[in-house]
Amino acid sequence: MIASLAWSNSAIANDVNLSTNSDYLNETESVDIYVPPPEQGNYRVCEVLLRPTINSIIEKNTGKWGILVEKLEDRTVIYNYNADKYLIPASNMKIITTAAALQRLDPEAPIRSTSVRNWVTITNQRSNNAYADTLLRYIGGPTAAKTALAQMGINPSWIRQADGSGISRNNVATPRAFVEILRAMYYSPKREVFHASLPIAGLSGTLKNRMRATPAQGTVYAKTGTLTGVRALSGYIHHPHYGILVFSIIANNPKQSGKALVKAIDQIVLQLSLVTPCEL
């Protein structure tokens with residue numbers, strides 16, 4: 001059975017200019033991914049088969065990939081592929097920007113006519129570039145962001161930040177950086193604000209039209225990333241067997257279509273959503 005993910009022109013807040021300020025239209029990509037038929041409702045992926053399955057997806061799509069998946073609770077590594085490789089993360093840089101902003105600012109403090117909470121929500125849910133770059137300037141730029149992240153225990157050498165939005169190709173970061181930031185934010189007093197700002201697979205934001213009618217729908221909270229030749233997805237999977245998984249997937253391949261890269265990333269996330277201990 002194929003789950004068709006139809007493109008939808010969702011309503012966005014009036015103060016957001018989609019044509020100039022947001023990646024929303026570019027990142028809300030529709031792809032078809034395989035979903036097991038209803039009669040295979042107990043379909044699962046045995047843990048020992050996860051690595052070769054994901055490896056085969058990467059091999060089919062080539063390019064530069066970096067992936068890290070860990071259990072939130074005890075840091076058990078579920079999958080690792082070039083986790084310390086520097087890659088262009090596109091709008092995944094907004095994770096860095098919003099995490100640093102929440103580390104330095106009160107969510108209810110005002111910026112212009114609204115709260116920091118709303119700035120963070122619009123930045124991540126709608127991938128608004130102007131909001132992200134303004135947030136970074138407001139907290140003092142990339143140096144201030146690195147300082148804020150270092151206070152959270154994040155190694156600043158994992159990140160080279162040129163802007164707040166991820167538009168610049170001078171931005172590079174490792175999958176490990178995003179996993180560590182996501183873990184730190186989960187245990188932060190600002191967790192609720194940050195977690196609520198992330199798009200939900202099949203339901204909201206830039207993930208509204210992705211992974212619909214799959215086991216990933218409603219269980220994956222993650223930030224998308226989109227530039228020509230770049231696709232990324234980093235966030236949390238609320239997993240029935242492993243608790244919360246923290247993951248970062250970044251693909252850089254200018255020779256591969258964006259749709260193909262999105263499909264490959266979604267296939268990987270679906271495999272992660274279906275993985276179970278083999279003894280079950």
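Which residues does R160 touch, not counting residues up to four places away in sequence? I looked up R160 before anything else, and I found that R160 touches Y86, M93, K146, N170, N171 and V172; contact means heavy atoms within 4.5 Å.

**Basis of the entries**

I note that this is a predicted model, in which local features need pLDDT of at least 70 and side-chain atom pairs count only at pLDDT 80 or more, while totals for chains, interfaces and linings use all residues. Residues are numbered from 1 along each chain as its sequence is written, and side-chain values use heavy atoms, with hydrogens and water left out.

**R160, continued**

I placed R160 in strand β8 (residues 159–160). Helices (H or I, at least four residues) and strands (E, at least two) are DSSP runs, numbered from the N terminus. I read a relative accessible area of 47% for R160, which is therefore partly exposed. The classes are buried under 20% relative accessible area, exposed over 50% and partly exposed in between, with a 1.4 Å probe and protein chains only. I also looked up the pair R160 and A173: they are 13 residues apart in sequence, and their C-alpha atoms are 6.2 Å apart in space.

**Overall counts**

I recorded 10 helices and 13 strands for the protein. Of its 280 residues, 60% are buried. Among contacts between residues at least 6 apart in sequence, I noted that 69% join residues at least 24 apart.

**The five-stranded sheet**

I traced an open sheet of five strands in the order β5-β4-β12-β11-β10, with antiparallel pairing. Two strands pair if DSSP finds at least two bridges between them. Why is one side of β5 and of β10 left without a neighbour in the sheet? I found that β5 (77–81) and β10 (220–227) stand at the edges and each have a single partner strand, so one side of each has no neighbour there. Neighbouring strands of this sheet are turned by 5° against each other on average, direction ignored. Axes are lines fitted to C-alpha atoms, for helices over the stretch in contact, and angles run from 0 to 180 degrees between N-to-C directions.

I then looked at what packs on the sheet. Helix α10 (residues 258–274) does, touching β4, β5, β10, β11 (230–239) and β12 (243–252). The direction of α10 makes about 15° with that of β11.

I went through the pairings in turn.

- β4 (residues 64–71) is joined to β5 by four bridges, and the two run antiparallel; V69 has Y79 of β5 as its bridge partner.
- β10 and β11 run antiparallel and are joined by eight bridges; V220 has I237 of β11 as its bridge partner.
- β11 and β12 pair in the antiparallel sense over 10 bridges; R231 has A251 of β12 as its bridge partner.

I noted two hairpins here. β10 and β11 form one with two residues between them, and G229 in the turn has a positive phi of about 80°. β11 and β12 form a hairpin with three residues between them. β11 is mostly covered, with nine of its 10 residues buried.

**Positive phi outside glycine**

Most residues other than glycine have a negative phi. I therefore looked up R75, whose phi is near 65°, a positive value in a residue other than glycine. R75 lies in the loop between β4 and β5, and at 43% relative accessibility it counts as partly exposed. N82 has a positive phi of about 55°; it lies in the loop between β5 and α4 (93–104) and is partly exposed, with a relative accessible area of 38%.**Helix α5**

Is helix α5 (residues 116–125) mostly covered or mostly exposed? I found α5 mostly covered, with seven of its 10 residues buried. The buried residues are V116, W119, V120, I122, T123, N124 and Q125. Just after α5, S127 takes a positive phi of about 50°.

**P110**

I placed P110 in strand β6 (residues 110–111). P110 is exposed, with a relative accessible area of 57%. Leaving aside neighbours within four places in sequence, P110 is in contact with S115 and Y138.

**The second largest pocket**

I recorded a volume of about 150 Å³ for the second largest pocket. On a 1 Å grid over the protein atoms alone, a pocket is an open set of points where a 1.4 Å probe fits, with protein on both sides within 12 Å along at least five of seven lines; lining residues have an atom within 4 Å of a point. Grid points are joined across faces, edges and corners, and a volume is the space filled by probe spheres set on the points. The pocket is lined by 13 residues, of which K64, I88, N252, N253 and P254 lie nearest its centre. I noted that the lining divides into five nonpolar, five polar and three charged residues. Ala, Val, Leu, Ile, Met, Phe, Trp, Tyr, Cys and Pro count as nonpolar, Asp, Glu, Lys and Arg as charged, and the others, Gly among them, as polar.
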